[in-house]
Each structure stands twice: as structure tokens, then as C-alpha cells.
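Here is a friendly walk through one protein model. Have a look at the sequence and the structure first, and then read on.

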Amino acid sequence: MLLAAGAALFFALGAPGELARWQQQRKQIRRLEQSNAALAQEIQARRERLRQLRSSPTQQELHIRQQQKRVRKGETLFILPEPRKP
């Protein structure tokens, strides 16, 4: 029975080269699913940040000041270089 199933799979895929192609496609699908999951997580984090900005004038002001590198009178601004990405 198992041999028949294996033979059926072999003929369904056409040849051993087809099996390798199928395995590559499965790997690509897994990579894309992982990428999609990471992007979905990033979208969720951005939605949460947007919700915070919409609900808090203090957060809005802080965000704007950081983006435009503005300071209030009497404050000192320190601009640090971006950390290097490996």
C-alpha cells in the first residue's frame, strides 16, 4: 500500500527533478509566510503607535519635535549618529 502511494506520488510529480522543484517551492512558501508574519507584526506596531499619537497630545508633540529636531527654549538637543546595521 505504501509502495503504491509512493509510486503514485512519483508519477504525479513526473520525475525526480519535479520533486526537487516542489521542495524548493515549499521552502519559498515558508520564507514568504515568515516574511508576511513579520510584516503583519510591524503593521500592528505602527497601528498601535498611531493610536497613541491620536489619543495623546503629549505624544504628538514629542513625535513632531523628534522628527523636526526642535527644542523648547532652554533645552539642549543632542543628535547622535544612527547605529550601524550589521
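The report below goes from the overall fold to the charged pairs and then to the surface patches.

## The overall picture

Keep in mind from the start that this is a predicted model. The protein has three helices and zero strands, and along the sequence the pattern reads α-α-α.

How much of the protein is buried? Of its 86 residues, 3% count as buried. The accessible surface of the protein is about 8500 Å², and carbon and sulfur atoms account for 58% of that surface.

## A look at helix α3

Helix α3 covers residues 57-68. You can check its span with a little arithmetic: at 1.5 Å a residue, the twelve residues of α3 should span 16 Å. The C-alpha atoms at its ends are 16 Å apart, so the model agrees with the expected span.

What happens just after this helix? There, Lys-69 takes a positive phi of about 50°.

## Charged pairs that link up

Side chains of opposite charge can pair when their charged atoms come close. The structure holds five salt bridges, and some of them share residues. Glu-61, Arg-65, Arg-72 and Glu-75 are linked in a network of salt bridges.

Start with Glu-61, which is partly exposed at a relative accessible area of 31%. One of its partners is Arg-65, with the closest N and O atoms 3.9 Å apart. Both residues lie in helix α3, four residues apart, which is about one turn of the helix. An α-helix has 3.6 residues a turn, so residues three or four places apart point the same way.

## Links beyond the helix

Glu-61 also forms a salt bridge with Arg-72, and here the closest N and O atoms are 2.2 Å apart. Because Glu-61 lies in helix α3 and Arg-72 in the segment after α3, this pair ties together parts that are eleven residues apart in sequence. Arg-72 itself is partly exposed, with a relative accessible area of 45%.

Which residue does the side chain of Arg-65 meet in a salt bridge at 2.1 Å, N to O? The partner is Glu-75. Arg-65 lies in helix α3 and Glu-75 in the segment after α3, so the pair ties together parts that are ten residues apart in sequence. Glu-75 counts as partly exposed, at 37% relative accessibility.

## Patches on the surface

Now turn to the surface. Val-71, Leu-77 and Ile-79 make a nonpolar surface patch of about 270 Å². Leu-77 is found in the segment after α3. Is Leu-77 buried, partly exposed or exposed? Its relative accessible area is 41%, so Leu-77 is partly exposed; to count as buried, a residue needs to be under 20%.

Another patch has a positive charge. Arg-26, Lys-27, Arg-30 and Arg-31 gather in this patch on the surface. Lys-27 belongs to helix α2, which covers residues 16-55. With a relative accessible area of 42%, Lys-27 is partly exposed.

## To sum up

The protein follows the pattern α-α-α. Glu-61, Arg-65, Arg-72 and Glu-75 are joined in a salt-bridge network. On the surface you can find a nonpolar patch that includes Leu-77 and a positive patch that includes Lys-27.

Notes:
Residues numbered from 1 in each chain as written. Predicted model: local features only at pLDDT ≥ 70, side-chain atom pairs only at ≥ 80, totals over all residues. Heavy atoms only, no water. Helix = DSSP H or I, 4+ residues; strand = E, 2+ residues; numbered from the N terminus. Buried < 20%, exposed > 50% of the residue type's maximum accessible area, 1.4 Å probe, protein only. Areas by Shrake-Rupley, 256 points an atom, 1.4 Å probe, with all protein chains shown as cover. Patch = residues over 30% accessible without salt bridge, like charges linked within 9 Å, V, L, I, M, F, W, Y side chains within 5 Å. Salt bridge = Lys/Arg side-chain N within 4 Å of Asp/Glu carboxyl O. Lys, Arg positive; Asp, Glu negative; His and termini not counted. Charge placed at Lys NZ, Arg CZ, Asp CG, Glu CD. Expected span 1.5 Å × (residues − 1).
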